[in-house]
Amino acid sequence: MHFDGQVNLRTISAPALRFAPVIYPAALFLSALLLFAIEPMFAKMVLPRLGGAAAIWSVAMVFFQSALLLGYAYAHVLSRTLSPGPSALVHLGLLAIAAATLPVGIAQGFETAPQQGLELWLLTLFAASIGLPFIALAATAPLLQNWFAASGHPQAANPYLLYATSNLGSFVALMTYPFIVEPLLTLRTQIQLWSLGYLLLTLLIVAAAIIVAGAGKRSINQASPGTAPTTTERAMWTVLAAIPAGLVIAVTAAISVDLAAAPFLWVLPLSLYLLTFVAIFRDRAWVAHRTVLKLVPFAAVALVATASTLVRPYFGILLAVHLTSFLAIALACHGELYRRRPETAHLTEFYLWTSFGGMIGGIFAGLIAPHIFNGVAEYPILVLAALLIMPGAFDGGLRRLLRRSGPGLALAALTLGIVSLHVRIPTNTALPVDIALIVLAGLMVLVRRQPAIFFGLAALGLMTAKLDPLFAPIEQVRSFFGVHRVVEDRSGQFRLLMHGTTAHGAERVRNADGTPVKGRPEPTTYFYFGGPIGDAIGTPTMKAALF
């Protein structure tokens, strides 16, 4: 048998074709497992160079989404220009070239991080170190689905089901890494096992290529082109993929800023993101799409309610609300994506546009937002975008939407202006703000079946949630290492440096009677005069280093 596609499918041995439903899912599962195992594994290699900043994971996500787009573009071009047999030979050649870059490790020249341009430096580091094997693995999923559809097997009528298998492998990789792989295996052992897995995957792809080699000269795209997708359909694929992909990074940033900067928490949003594909891309979804669409408004309501000072102290509740709300929105977007999927002939193009949307969402949330917002504003923006993209949001046209939700949008814009200008709200406003948020959440529940009104209230609620009744804002900045705020307590005596909800220092600026402190402000917390850190800073050597 040759890979030139000239042998008819009937010449393939019946046993080989019979094993297709086993070989193809196994190869897809393993390729996804390797693809998403390398993400936390390589991120762990990079962490010592920059510390535990969540932005490292965000930039890594942008790289992974961009590399995924390149892999899907390569798979799309290959499936459009070559029949399955020759395309299998080309892909096996790419896998062999990528194998020459193993074992995985940080490329030379990236030993020390620069002071400026950390995002670009990180992207270059990832590309130089794992770019080629990652792209080769990323292309495997759409190619194997394309080959399976061309194999002629009776179960190949809906190759999209294999996408769920692929994402199941991704989910397993991410969930087992922080709890099993990392605690039990050294980094060197992880790298060795990953290389062995890559070799096993190559053997499985060889077997898959042998099965599809006799499918004939034409690929499924050439044999039954079907109806070409419209520009609107391609745009919807892109948007529906971009919103949850951006939310993965936005939710991770929100958790790191407001709850805890714990690396093991970073994989949870991405794991749930992948799990939604497993739940949706199947003949019978785990949760009916209509049911999911009904849950999306409640996700927005819950996010508004969590801003209340009554809920903030409860870490577990806040984490659960962030993750379940994200899960509902991602399920809704991916459910719409699956509902709008094209015919099998346009499978690789579908994945190309969805990966393009994923890259756009990642770039917005991971690279653009940190430079244009001084807080995690991309989170409510993407939530509102998800509400707008849901079915029925534009019933009656854009004019009706703006007319019915106009008051809410106007109030939301006013609230956003108050936040952005750091206008101080009156003291003792914790209870009024809490009441306002609870009332807004109640109104949102009542009008959840009216998309226009609901959107206006959601916009108002999410913007009102930015008002902090506990501290008066002085200044807020966002850098690669997070969001830092200088705030003043309600007594007016102290100013604090906050990183999310964590106080990193405080100084007394006024006495109890309201008079200003004479001379320099008095440091408190662990920097107080006479304390160990205060004494260390007061030494001549430290003074010379600091000042």
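What is the volume of the second largest pocket? In this predicted model, the second largest pocket has a volume of about 590 Å³. The protein chain that holds this pocket is built from 19 helices and 5 strands, and 51% of its 547 residues count as buried. Among contacts in the chain with a separation of 6 or more, 75% join residues 24 or more positions apart.

**The second largest pocket**

- The lining of the second largest pocket comprises 20 residues, and those closest to the pocket centre are Glu507, Arg520, Pro521, Pro523 and Phe527.
- Three elements each give two or more residues to this lining, namely β3 (494–499), β4 (502–508) and α18 (532–537).
- The most is given by β4, which supplies 4 residues.
- By residue class, the lining divides into 10 nonpolar, 5 polar and 5 charged residues.

**Strand β2**

- Arg485 is located in strand β2, which covers residues 482–489.
- Arg485 counts as buried because its relative accessibility is 18%, a value under the 20% limit for that class.
- The C-alpha atoms of Arg485 and Leu497 are 5.7 Å apart, while the two residues are 12 residues apart in sequence.

**Helix α4 and the loop that follows**

- Helix α4 covers residues 84–99, a run of 16 residues.
- At 1.5 Å a residue, helix α4 should span 22 Å, and its end C-alpha atoms are 22 Å apart, so the expected and modelled spans agree.
- The expected figure is obtained by multiplying 1.5 Å by one less than the number of residues.
- The buried residues of α4 are Pro84, Gly85, Ser87, Ala88, His91, Leu92, Leu94, Leu95 and Ala98.
- Pro84, which lies in helix α4, counts as buried because its relative accessibility is 1%.
- Pro84 and Trp147 are 63 residues apart in sequence, yet their C-alpha atoms are 6.0 Å apart in space.
- Pro103 is placed in the loop between α4 and α5 (118–150).
- The peptide bond from Leu102 to Pro103 is cis, with omega near 0 degrees.

**Buried serine in helix α2**

- Ser31 is found in helix α2, which covers residues 20–50.
- With a relative accessibility of 2%, Ser31 counts as buried.
- A polar atom of the Ser31 side chain lies 2.9 Å from the backbone oxygen of Leu28; this distance is inside the 3.5 Å cut-off for a polar contact.
- Once residues up to four places away in sequence are set aside, Ser31 touches Leu137, Thr140 and Leu201.

**Buried serine in helix α12**

- Ser325 belongs to helix α12, which covers residues 315–339.
- Ser325 counts as buried, as its relative accessibility is 3%.
- The side chain of Ser325 has a polar atom 2.8 Å from the backbone oxygen of Val321.
- Beyond its neighbours within four places in sequence, Ser325 is in contact with Ala299, Ala302 and Leu303.

**A partly exposed alanine in helix α3**

- Ala73 lies in helix α3, which covers residues 54–81.
- Ala73 has a relative accessible area of 27% and is therefore partly exposed, since that class runs between the 20% limit for buried and the 50% limit for exposed residues.
- Ala73 and Leu352 are 279 residues apart in sequence, and the distance between their C-alpha atoms is 5.8 Å.

Key:
Residues numbered from 1 in each chain as written. Predicted model: local features only at pLDDT ≥ 70, side-chain atom pairs only at ≥ 80, totals over all residues. Heavy atoms only, no water. 1 Å grid on protein atoms, 1.4 Å probe; cavity = no way out; pocket = protein on both sides within 12 Å on 5 of 7 lines; lining within 4 Å. Points joined across faces, edges and corners; volume = space filled by probe spheres on them. Nonpolar A, V, L, I, M, F, W, Y, C, P; charged D, E, K, R; others polar. Buried < 20%, exposed > 50% of the residue type's maximum accessible area, 1.4 Å probe, protein only. Polar contact = N/O pair within 3.5 Å; in protein donor to acceptor, adjacent residues only side chain to side chain. Contact = heavy atoms within 4.5 Å.
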